[in-house]
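Reader: I would like to go through this structure with you, starting from the overall picture. Could you show it to me?

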Amino acid sequence: MRRKVLPEGFKEISNFGLVDAILGRRSRRFFKGAEIPDGVFAYKSKHAVVPLSELEKLLVVSACGSNTSWHHMIYRGERYAPYLSNYSGAAGGRSFPSAAGFHTSKTFFTDDEGVYVLDDRDAPAFGERGPDGSLDLQTILNEAGKRIRKLKNSRLDLPAEVPFTEAHNTWVANHTGTLLVIPVGDVAQHTLLGLCYLLQNGSVITDDINKRSIPGIERFGGIVDVKNAWPLSLVEQLCLNEVTVELSCSCYAGALMLQAMGLGGWMFDGLDSFAVLGASGDPKISGLGFRYDIDKRWPYANPTGLPE
């Protein structure tokens, strides 16, 4: 993107007020070229579908997951004061918060041209802040564009039908002309970082499922209080909750960008998450193509990520 070809609207979104974005935030589901085929709201647009331009797409995706310069770290922890913490999983901050700066998520998205991932999970700063703390939006977009990798040359393989899509979303979700952004969290890595966080703050875990302490934990009594133990099941629940909040904040940031751009769209979870990742069990529905494991003891598959 060169500055001289940027549209006037690019400048206008920078001046769009936060209060206006918050007060004006509503789910605007209907767009040019859309059709609600039946029911009391049945309606067909008189216009052709208008997909987002490359710049518009990059603005929305970057709002959902871009790097926003250096992470500011955390201090004042009793056990490591006066030094900064080493909790964060990456040196770069993002457009949304993450517990202790873990930031384990990646941002996938799909449109008519393919399936992509914005992979800036471990990225350094995309840009340096000015003396007043400001960042240049175009610089951030340029760097984000370099981190986008195309995974497939066609739209996400996910049928717009029940049970893969909630009934109230079948008329619109993943349809021609739409952009679908899918932040995906790495709960396993987040939990490992959570365990490190507990250790750095003098705590350990205990196996409350099998009613026993972790074998050999007493050997570390010199650096942690082995009696200050958190139940493993609680730690797992907390980590899942933290990742969920992280992804929700990512989507909310994208929704506010939609407000500033004057676009229709909304954040939702009305898709089968296992089918989205590729773990529906139906080989004809590839989704994002994640590998996954199954076990007769588990009620659901366990997706673990894309093959290298």
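Author: The exchange below covers the overall build, two sheets, one helix and the cysteines.

Reader: Before the details, what kind of model is it?

Author: It is a predicted model, in which local features need pLDDT of at least 70 and side-chain atom pairs count only at pLDDT 80 or more, while totals for chains, interfaces and linings use all residues. Residues are numbered from 1 along each chain as its sequence is written, and side-chain values use heavy atoms, with hydrogens and water left out.

Reader: How many helices and strands does the protein have?

Author: The protein has 7 helices and 13 strands. These are DSSP runs numbered from the N terminus, with helices being H or I of at least four residues and strands being E of at least two.

Reader: And the general dimensions and burial?

Author: Along the principal axes, the C-alpha atoms fill a box of roughly 70 × 55 × 40 Å. Of the 308 residues, 39% count as buried; buried means under 20% relative accessible area, exposed over 50%, and partly exposed in between, with a 1.4 Å probe and protein chains only. The accessible surface is about 18,100 Å², and carbon and sulfur atoms account for 55% of that surface. Accessible areas come from the Shrake-Rupley method with a 1.4 Å probe, and for residues only the protein chains shown count as cover.

Reader: Turning to the sheets, what is the order of the one with 4 strands?

Author: The order is S7-S6-S5-S8, in an open sheet with antiparallel pairing. Two strands pair if DSSP finds at least two bridges between them. Strand S7 (148-152) and strand S8 (180-184) are at the edges with a single partner strand each, so one side of each has no neighbour in the sheet. On average, neighbouring strands are turned by 25° against each other, direction ignored.

Reader: How many bridges join S5 to S6?

Author: Strand S5 (residues 106-111) and strand S6 (residues 114-118) run antiparallel and are joined by 5 bridges. Asp111 has Gly114 in S6 as its bridge partner.

Reader: Which strands of that sheet does H3 touch?

Author: H3 packs on the sheet and touches S5, S6, S7 and S8, and its direction makes about 155° with that of S5. Contact means heavy atoms within 4.5 Å. Axes are lines fitted to C-alpha atoms, for helices over the stretch in contact, and angles run from 0 to 180 degrees between N-to-C directions.

Reader: Is H3 mostly covered or uncovered?

Author: Mostly covered, as 10 of its 12 residues are buried. Among them are Leu55, Lys57, Val60 and Cys64.

Reader: Now the other sheet: what is the order of its 3 strands?

Author: This open sheet has the order S10-S9-S11 and mixed pairing. Its edge strands are S10 (212-213) and S11 (229-231), each pairing on one side only. Helix H6 (residues 232-261) packs on this sheet, touching S9 and S11, and its direction makes about 70° with that of S11.

Reader: How do S9 and S10 pair?

Author: Strand S9 (residues 204-207) runs antiparallel to S10, with 2 bridges between them. Thr206 stands opposite Ser213 in S10.

Reader: One last topic: how many disulfides are there?

Author: The structure holds 0 disulfides, a disulfide being a pair of cysteine sulfur atoms within 2.5 Å.

Reader: Why does Cys196 not form a bond?

Author: Because the closest cysteine sulfur, in Cys239, is 11 Å from that of Cys196, which is too far for a bond.

Reader: Are these two cysteines buried or exposed?

Author: Cys196 is partly exposed, at a relative accessible area of 41%. Cys239 counts as buried, at 4% relative accessibility.
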